Amino acid sequence: MSGVVPDLESLEVEARDAIAAANSPQQLVEVRASFLGRKGSISAQLRRIGELPDAERGVFGQAVNASKARVEAWVAERKRSLERAVQDQAIASRDLDVTLPSALPPRGRLHPVTRLEREMAQFFRGLGFSIEEGPEVETEYHCFEALNIPADHPARDLQDTFFVEGGHVLRTHTSPVQIRAMTGRQPPFRFIAPGRVYRHDYDATHSPMFHQIEGFLVDESTTFGDLKGILYSFARHLMGPDVELRFRAHYFPFTEPSAEMDFRWGDRWLEWGGCGMIHPKVLENCGIDPERYQGFAFGMGIDRAAMDRFGVPNIHLLFDGDMRVLEQI
Ligand code: PHE
């Protein structure tokens, strides 16, 4: 026994050094085979059992097996640490710092026109107005007839209006909401109706889809002065106290008298919207007595005000959905 145990011990030391020196999982497999494989040097010790006297065979066999088990454990441990090193290196080569906080998903926000629309609604809420809505695909009755717009009026022309199959139109203005809100009710009313409208129109300040905010107030002693006062304070609230404004006499079939309101935009006037005293015929169409009640109405362009507010020179920049533009606003 004295001759064989030191042999086993030095083989173990050899194995431990070789395992520690293995620098890849592949090398480790080879090292393991050279000691523990079928032709490995430790396995070979078992074959010497036959040369030993009977009395020593059992002890020697146990010593070889214990030695194999220790070497097997070192191999397993080295294998784990090599695998960890491979992983660490993969992580390092990707410049990944797992201690960094994760990137936040980009946050969305409201479109500038929506923001301005809400700001406008807020102004009128402060004056006691509430919000009414109507459909964008509208009947010709609500869009034109009830508003006293005759069949030969240019607004009804094929050039201006988008017609929908089945006798409907895309509303060309928010004024049909006046009809929907007033029919079947009695004054006093204070309503606004912001929303999308559609016209066959295209240039730097016109888009086939745009936004208006309709407003109307009906009571027993409403005057044109009330209308003008409200629109002037509305404009100053939005565009600042120094904004230059002007009222121009105009014609609409559904108001009398009527006006258009412009604001100064650089070196030109920009038409902002129409307004006037609600025509007695319109009140009658809604079942309201025009001898007892008068009202005013207006329909202002939201996008025009957005161009002024956000310094956008072309209305289409607002609607093209180009994030590079919208992010600057
Ligand atoms: N509906 C008109 C337009 O779109 C504007 C308007 C609204 C005029 C209310 C008078 C009263 O041009």
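Is Cys275 buried or exposed? Cys275 is buried, with a relative accessible area of 2%. That residue makes a handy starting point for a walk through this structure, which is a predicted model.

Let's stay with the cysteines for a moment. The sulfur of Cys275 lies 19 Å from the closest cysteine sulfur, in Cys286, so the two are too far apart for a bond. Cys286 also holds the nearest cysteine sulfur to Cys143, this time 14 Å away, and Cys143 is in no disulfide. Cys143 counts as buried because its relative accessibility is 0%. With a cut-off of 2.5 Å between sulfur atoms, the count of disulfides comes to zero.

Now step back to the overall layout. The protein is divided into domain 1, covering 8-92, and domain 2, covering 112-328. Taken over C-alpha atoms, the centres of domain 1 and domain 2 are separated by 89 Å.

For a look at domain 1 (8-92), try Gln45, which is found in helix H3 (residues 41-46). Gln45 counts as buried because its relative accessibility is 8%, under the 20% limit. Its side chain is joined to that of Arg48 by a polar contact of 2.7 Å. Leaving aside residues up to four places away in sequence, Gln45 touches Asp7, Leu8, Leu11, Phe60 and Val64.

Next come the nonpolar cores. In soluble globular proteins, nonpolar side chains tend to be buried together. Here the largest nonpolar core has 41 residues, and the members that touch the most others are Met120, Phe124, Leu231, Phe234, Met261 and Trp272. Two or more residues come from each of several elements, including helix H5 (112-125), helix H8 (224-239) and helix H10 (302-310) on the helical side of the list, and strands S6 (209-219), S7 (245-252), S8 (255-265), S9 (268-278) and S10 (294-301). H8 gives the most to this core, with eight residues. A second core, separate from this one, has 22 residues, among them Ala181, Met182, Phe191 and Tyr293.

You may also enjoy tracing an open sheet of three strands, whose order is S2-S4-S3 with antiparallel pairing. Strand S2 (137-139) and S3 are the edge strands, each pairing on one side only. S3 and strand S4 (residues 168-170) pair in the antiparallel sense over two bridges, and Phe163 stands opposite Val169 in S4.

Finally, some backbone details deserve a visit. Most residues other than glycine have a negative phi, and most peptide bonds are trans. Asn148 is not a glycine, yet it has a positive phi of about 70 degrees. You will find Asn148 in the loop between helix H6 (140-143) and strand S3 (163-164), where Asn148 counts as partly exposed because its relative accessibility is 23%.

Where are the cis bonds at Pro188 and Pro257 placed? The peptide bond from Pro187 to Pro188 is cis, with omega near 5 degrees, and Pro188 is found in the loop between helix H7 (176-182) and strand S5 (189-198). Another cis peptide bond joins Glu256 and Pro257, with omega about -5 degrees. Pro257, by contrast with a loop position, is found in strand S8, one of the elements that give two or more residues to the largest core.

Note on methods: Residues are numbered from 1 along each chain as its sequence is written. This is a predicted model: local features need pLDDT of at least 70, side-chain atom pairs count only at pLDDT 80 or more; totals for chains, interfaces and linings use all residues. Side-chain values use heavy atoms; hydrogens and water are left out. A nonpolar core is a set of buried Ala, Val, Leu, Ile, Met, Phe, Trp, Tyr and Cys residues joined through side-chain atoms within 4.5 Å. Buried means under 20% relative accessible area, exposed over 50%, partly exposed in between (1.4 Å probe, protein chains only). Helices (H or I, at least four residues) and strands (E, at least two) are DSSP runs, numbered from the N terminus. Two strands pair if DSSP finds at least two bridges between them. Domain bounds come from an automatic or database domain assignment. A polar contact is a pair of N or O atoms within 3.5 Å; within protein, one must be able to donate a hydrogen and the other to accept it, and residues adjacent in sequence count only if both atoms are side-chain atoms. Contact means heavy atoms within 4.5 Å.
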